[in-house]
Amino acid sequence: AGGVGTDFGDVVEDGKKKDKKDKKSKKSKKESDVSEEEAEEKKSKKDKKSKKDKARRDSDSGDNDGGKRKGKDKQRDKPKKDKDGDLPKLIPRTLCGDKNVKATYHAIASSDTSSKVAPVLVTVLLHNIGEFTLQPVSLNVTGSMSVRVTTPPSDLQMLGVGDSASMRMQLTVASVGKPHKVKVGIKYEASGEGAPAAPVTVSAELLLPCSSFLLPKDIHVDDFQKLMGSSDCPYKSSTVIEAGGRSFRHWVHLLATLLNLKIVTQTDSAAMLYANSVLNHHVAVLVKAKGGSMVSVDMRTSEDALCQQLTNEVSGLPLFIAP
């Protein structure tokens with residue numbers, strides 16, 4: 001028994017010596033690896049900073065690992081961009097002009113209102129293209145039985161050479177079945193050597209298209225499909241657009257922008273869009289990609305004249321696409 005105890009004690013003692021030796025060896029190795037660890041730590045911090053910067057840049061698109069799912073969810077709610085570039089835009093409508101001033105405008109129904117009938121918000125963009133400072137500049141608007149001026153535009157105190165400025169007004173329409181014309185006049189005084197001595201007025205007619213009477217509205221896909229075949233939308237009209245090399249997704253975006261429609265659902269070859277008029281008429285649009293680089297647009301509304309007018313606007317859409 002004593003022999004066994006002695007052997008066990010020797011093994012323990014040898015083990016302790018071995019442990020001390022191993023610890024000393026490990027400590028030496030640890031110390032020798034400090035410089036390598038410091039270098040690795042610096043490299044790790046640098047990599048983390050680089051990844052953090054990249055994550056910040058890619059956060060909107062969801063490309064960073066931490067926000068990949070969130071980014072994809074965000075992108076699902078946004079209009080997608082094709083591989084051939086950004087989504088196309090529409091040019092503003094031309095109002096009037098002379099050698100000193102040029103005016104364009106954009107008209108769209110305003111949903112930000114408590115009025116019984118939503119007004120049409122008209123934004124007129126003025127450009128000083130002449131050699132004189134214009135001050136002041138006013139926009140006179142004449143209402144009628146069909147169009148009432150609910151909020152007139154404010155005057156511009158000054159429009160410098162080469163400058164641009166916008167003037168806004170709100171109009172309320174009595175009907176939506178046809179475009180309305182509004183008489184306007186841009187009045188300005190020019191200052192500078194050689195400027196006209198008297199105030200100048202440039203008169204024009206501002207056209208409110210039927211698309212400016214529409215408000216995009218949410219609707220369930222099932223309700224949209226029922227509406228397309230129900231008596232609530234008895235009036236229909238259709239047209240075909242030549243794709244002209246643009247993708248189907250681009251055309252859906254352009255139609256939604258032109259007519260102020262809500263995209264209900266969309267695939268690579270079909271889309272449903274919907275809106276209400278400011279007088280609460282239904283406007284349902286089914287868009288399909290056809291063979292031979294064509295896009296078909298089927299319109300259903302609860303107002304006969306409105307249906308045809310909107311279809312006419314769709315036919316003229318290519319004229320308003322920005323180059």
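# A quick tour of the fold

The chain has 5 helices and 14 strands. Keep in mind as you look around that this is a predicted model, so we'll start with how confident the predictor was, then move on to sheets, cores and one loop residue.

**How far to trust it**

- Averaged over the chain, the pLDDT is 82, and 74% of the residues reach at least 70.
- Confidence bottoms out in α2, with a mean of 45, and peaks in β3, at 98.
- Residues 1–34 have a pLDDT below 50, and in the model this stretch makes 0 contacts beyond near neighbours in sequence.
- Residues 59–84 also come in below 50, but here the model shows 23 contacts beyond near neighbours in sequence.

**The chain as a whole**

- Of the 323 residues in the chain, 35% are buried.
- Take the contacts with a separation of 6 or more: 64% of them join residues that sit 24 or more positions apart.
- The accessible surface adds up to about 19700 Å², and carbon and sulfur atoms account for 49% of it.

**The five-stranded sheet**

- Here 5 strands line up as β1-β2-β3-β6-β5, forming an open sheet with antiparallel pairing.
- Which strands sit at the edges? They are β1 and β5 (147–151), and each of them pairs on one side only.
- On average, neighbouring strands in this sheet are turned by 35° against each other, ignoring direction.
- Zoom in on β3 (residues 120–128) and β6 (residues 164–173): they run antiparallel to each other and pair over 8 bridges.
- For a single spot to find on screen, try Thr-123, whose bridge partner in β6 is Arg-168.

**The three-stranded sheet**

- Another open sheet is built from 3 strands in the order β4-β7-β8, again with antiparallel pairing.
- Why do β4 (133–142) and β8 (200–208) each have one side without a neighbour in the sheet? Both stand at the edges and have a single partner strand, so nothing in the sheet pairs with the other side.
- Neighbouring strands of this sheet are turned by 25° against each other on average, direction ignored.
- Strand β7 (residues 180–191) pairs with β8 over 9 bridges, in the antiparallel sense.
- Look for Tyr-188, which has Val-200 of β8 standing opposite.

**The nonpolar cores**

- The largest nonpolar core holds 67 residues, and those with the most contacts inside it include Leu-95, Val-122, Leu-206 and Val-287.
- Helix α4 (residues 248–259) is the top contributor to this core, giving 8 residues.
- There's also a second, separate core of 9 residues, with Leu-227, Val-264, Met-272 and Tyr-274 among them.
- What does Val-122 touch, apart from its neighbours within four places in sequence? Its contacts include Tyr-105, Ala-107, Met-167, Arg-168, Leu-206 and Leu-208.

**Ile-91 and the end of the numbering**

- You'll find Ile-91 in the loop between α2 (68–76) and β1 (93–97).
- Is Ile-91 buried, exposed or partly exposed? Its relative accessibility is 35%, and buried means under 20% while exposed means over 50%, so Ile-91 counts as partly exposed.
- In sequence, Ile-91 and Phe-320 are 229 residues apart, yet their C-alpha atoms are 5.4 Å apart in space.
- Phe-320 has company there: setting aside neighbours within four places in sequence, Ile-91 is in contact with Leu-319, Phe-320, Ile-321, Ala-322 and Pro-323.

Methods. Residues are numbered from 1 along each chain as its sequence is written. This is a predicted model: local features need pLDDT of at least 70, side-chain atom pairs count only at pLDDT 80 or more; totals for chains, interfaces and linings use all residues. Side-chain values use heavy atoms; hydrogens and water are left out. A nonpolar core is a set of buried Ala, Val, Leu, Ile, Met, Phe, Trp, Tyr and Cys residues joined through side-chain atoms within 4.5 Å. Buried means under 20% relative accessible area, exposed over 50%, partly exposed in between (1.4 Å probe, protein chains only). Helices (H or I, at least four residues) and strands (E, at least two) are DSSP runs, numbered from the N terminus. Contact means heavy atoms within 4.5 Å. Accessible areas come from the Shrake-Rupley method with a 1.4 Å probe; for residues, only the protein chains shown count as cover. Two strands pair if DSSP finds at least two bridges between them. Axes are lines fitted to C-alpha atoms, for helices over the stretch in contact, and angles run from 0 to 180 degrees between N-to-C directions. pLDDT is the predictor's confidence in each residue, from 0 to 100.
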